[in-house]
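Here's a quick tour for anyone meeting this one for the first time. Take a look at the sequence and the model, then read on.

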Amino acid sequence: MVKRCGAPISVLQLSSVRIEILPHAWQHGITADEMRAVISYPLLRYAIITPYPDANSYMFVGQVGQEPWIEVAAEDEDGE
């Protein structure tokens, strides 16, 4: 477990992509595997504007099985 700003975060390694899941992401009941699947195989990905001017953020939209669609906001820190 890694900490950012004093709060524990989960870190997933997805091939060569590192994914950090911040604590507030868990409040929606989405699992780490579901987040990883949506980021890895999105049905839709689009840029989003955040309050942070230097953020390179995207919304990933996807579906796992026959479950409702999931939206995962993520920041691309490596420019990929």
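## A salt bridge in the helix

D33 and R36 pair up in a salt bridge, and their closest N and O atoms are 2.7 Å apart. Keep in mind that we're looking at a predicted model here. Both partners belong to helix α1, where they sit 3 residues apart, or about one turn of the helix. If you go hunting for others, the count for the structure is 1 salt bridge.

How exposed is R36? Its relative accessible area is 24%, and because that falls between the 20% limit for buried and the 50% limit for exposed, R36 counts as partly exposed.

## The overall layout

Zooming out, the chain has 1 helix and 6 strands. Follow the sequence from start to end and you'll meet them in the order β-β-β-α-β-β-β. The chain has 80 residues, and 25% of them are buried.

## What's inside

Which residues make up the largest nonpolar core? There are 10 of them: I19, I21, A32, M35, V38, I39, Y58, F60, I70 and V72. Four elements chip in with at least two residues each, namely β3 (17–21), α1 (32–40), β5 and β6. Helix α1 gives the largest share, with 4 residues.

M35, one of the core residues, also has a partner to look at across the sequence. E71 is 36 residues away from M35 along the chain, yet their C-alpha atoms are separated by 8.5 Å. E71 itself is part of strand β6. With a relative accessibility of 57%, E71 is over the 50% cut-off, so it counts as exposed.

## Out on the surface

Now for the outside. L43, L44, Y46 and W69 come together as a nonpolar surface patch, and their accessible area adds up to about 440 Å². To find W69, look in the loop that runs between β5 (57–62) and β6 (70–75). W69 counts as exposed because its relative accessibility is 54%, over the 50% cut-off.

## Rings and charges

Y58, which we met as a member of the core, has company too: the charged end of R45 sits over the ring of Y58, at 3.7 Å from the ring's centre. What about rings pairing with each other? Such a pair is described by the distance of the centres and the angle of the planes. In this structure, the number of aromatic pairs is 0.

Definitions and conventions:
Residues are numbered from 1 along each chain as its sequence is written. This is a predicted model: local features need pLDDT of at least 70, side-chain atom pairs count only at pLDDT 80 or more; totals for chains, interfaces and linings use all residues. Side-chain values use heavy atoms; hydrogens and water are left out. Rings of Phe, Tyr and Trp (its six-membered ring) pair if their centres lie within 6.5 Å; planes under 30 degrees apart count as stacked, over 60 as edge-to-face and the rest as tilted. A charge sits over a ring if NZ of Lys or CZ of Arg is within 6 Å of the ring centre and within 35 degrees of the ring normal. Patches are made of residues with over 30% relative accessible area and no salt bridge: like charges are joined within 9 Å, nonpolar side chains (Val, Leu, Ile, Met, Phe, Trp, Tyr) within 5 Å. Accessible areas come from the Shrake-Rupley method with a 1.4 Å probe; for residues, only the protein chains shown count as cover. A salt bridge is a side-chain nitrogen of Lys or Arg within 4 Å of a carboxyl oxygen of Asp or Glu. Buried means under 20% relative accessible area, exposed over 50%, partly exposed in between (1.4 Å probe, protein chains only). A nonpolar core is a set of buried Ala, Val, Leu, Ile, Met, Phe, Trp, Tyr and Cys residues joined through side-chain atoms within 4.5 Å.
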